[in-house]
Amino acid sequence: GIRHVALGKMGRLVLLNLWGCHGLTDRAVEGMTGLTSLSTLVVSECHRLTDVFLIRLSDILPRLSHLHLRYVPRLTDAGISAVAHRMVRLYSLDLAFCHLVTAHAVADLLVRRPGLGELRLHHGPTLGRGDLARIAGALAPSTCAEGGCRLAVLDLRACLVEEGRAAGG
């Protein structure tokens, strides 16, 4: 697996694309400790990854700018909270098809990471009016740190439902 690959010796690597590596597990993060120049990590469709991976990644690579987690279905608010608290330079985050992430975690992320410029949630959490109000509140200038929020792209396709309606109907 990736733990046995000498990634630590690739310290100048700025982008690592592991999209669709279905065998990738949480332990793979330990092989990334030497990637100090990494700014972009793509682990989309790595279905076996969990919050354990994301929490440890936040410790090991807190300066990532771009993180692609599209269709990593086991991620929850715990992993997103680690990202919100530790990834200080995060600019873009792709959480499309991450159904277990809630609006509460998204709002917390937006408050704690005012430098976030792109957030992709499509086909992710089911959001009602209350959830949208929570997210909008997180984007209010009074809530954001000095300089205001930088969010320019917010992709909510297929996340929205009317209050009182089931997500499937």
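Which residues of helix α3 (residues 103-112) are buried? In this predicted model, the buried residues of the helix are Ala103, Ala105, Val106, Ala107, Leu109 and Leu110. These residues pack against several neighbours, namely helix α2, strand β4 (92-94), strand β5 and helix α4 (129-139). A general point about helices helps in reading such a list. An α-helix has 3.6 residues a turn, so residues three or four places apart point the same way.

With that helix as a starting point, the wider layout can be introduced. The protein contains 4 helices and 6 strands. Read from the N terminus, the elements follow the order β-β-α-β-α-β-α-β-α-β. The protein has 169 residues, and 41% of them are buried. About 8400 Å² of the protein is exposed, with carbon and sulfur atoms supplying 52% of that area. Contacts across the chain are also worth a look. Among contacts with a separation of 6 or more, 79% are between residues 24 or more positions apart.

The strands come next. They form an open sheet of 6 strands, arranged in the order β1-β2-β3-β4-β5-β6 and paired in parallel. At the edges are β1 (15-17) and β6 (153-155), each of which pairs on one side only. From one strand to the next, the twist averages 5°. As a reminder for newcomers, strands of a sheet pair through backbone hydrogen bonds, either parallel or antiparallel. One pairing can be followed in detail: strand β5 (residues 118-120) runs parallel to β6 and is joined to it by 3 bridges. Within this pairing, leucine 119 has leucine 154 of β6 as its bridge partner.

Helix α1 (residues 51-60) can be described in the manner used for α3. Its buried residues are Asp51, Phe53, Leu54, Leu57, Ser58 and Ile60. The packing partners of these buried residues are β2 (40-42), β3 (66-68) and helix α2 (77-86). Helix α2 thus appears in both descriptions, as a partner of the buried residues of α1 and of those of α3.

The loops have details of their own. Leucine 121 is located in the loop between β5 and α4. With a relative accessibility of 1%, leucine 121 counts as buried, because the cut-off for that class is under 20%. Leaving aside residues up to four places away in sequence, leucine 121 touches Leu95, Ala96, Val106, Leu154, Asp155, Leu156 and Cys159. Two of these names have already come up: Val106 is one of the buried residues of α3, and Leu154 is the bridge partner of leucine 119. Valine 101 is 20 residues away from leucine 121 along the chain, and the C-alpha atoms of the two are separated by 9.3 Å.

Aromatic rings were examined as well, and the count comes to 1 aromatic pair. The ring centres of tyrosine 71 and phenylalanine 97 are 6.2 Å apart and the ring planes lie at 75°, so the pair is edge-to-face. Tyrosine 71 sits in the loop between β3 and α2, and phenylalanine 97 in the loop between β4 and α3, so the pair ties together parts that are 26 residues apart in sequence. Tyrosine 71 counts as partly exposed at 33% relative accessibility, and phenylalanine 97 is likewise partly exposed, at 26%. The backbone at these positions also deserves a mention. Most residues other than glycine have a negative phi, and most peptide bonds are trans. Tyrosine 71, however, has a positive phi near 50°, while phenylalanine 97 has a positive phi of about 65°.

Are the sulfur atoms of cysteines 21 and 46 close enough to bond, or too far apart? They are 5.2 Å apart, too far for a bond. A disulfide requires sulfur atoms within 2.5 Å, and the structure holds 0 disulfides. The surroundings of the two cysteines can be set side by side. Cysteine 21 is partly exposed, at a relative accessible area of 32%, whereas cysteine 46 is buried, at 0%.

Definitions and conventions: Residues are numbered from 1 along each chain as its sequence is written. This is a predicted model: local features need pLDDT of at least 70, side-chain atom pairs count only at pLDDT 80 or more; totals for chains, interfaces and linings use all residues. Side-chain values use heavy atoms; hydrogens and water are left out. Two strands pair if DSSP finds at least two bridges between them. Helices (H or I, at least four residues) and strands (E, at least two) are DSSP runs, numbered from the N terminus. Axes are lines fitted to C-alpha atoms, for helices over the stretch in contact, and angles run from 0 to 180 degrees between N-to-C directions. Buried means under 20% relative accessible area, exposed over 50%, partly exposed in between (1.4 Å probe, protein chains only). Contact means heavy atoms within 4.5 Å. Accessible areas come from the Shrake-Rupley method with a 1.4 Å probe; for residues, only the protein chains shown count as cover. Rings of Phe, Tyr and Trp (its six-membered ring) pair if their centres lie within 6.5 Å; planes under 30 degrees apart count as stacked, over 60 as edge-to-face and the rest as tilted.
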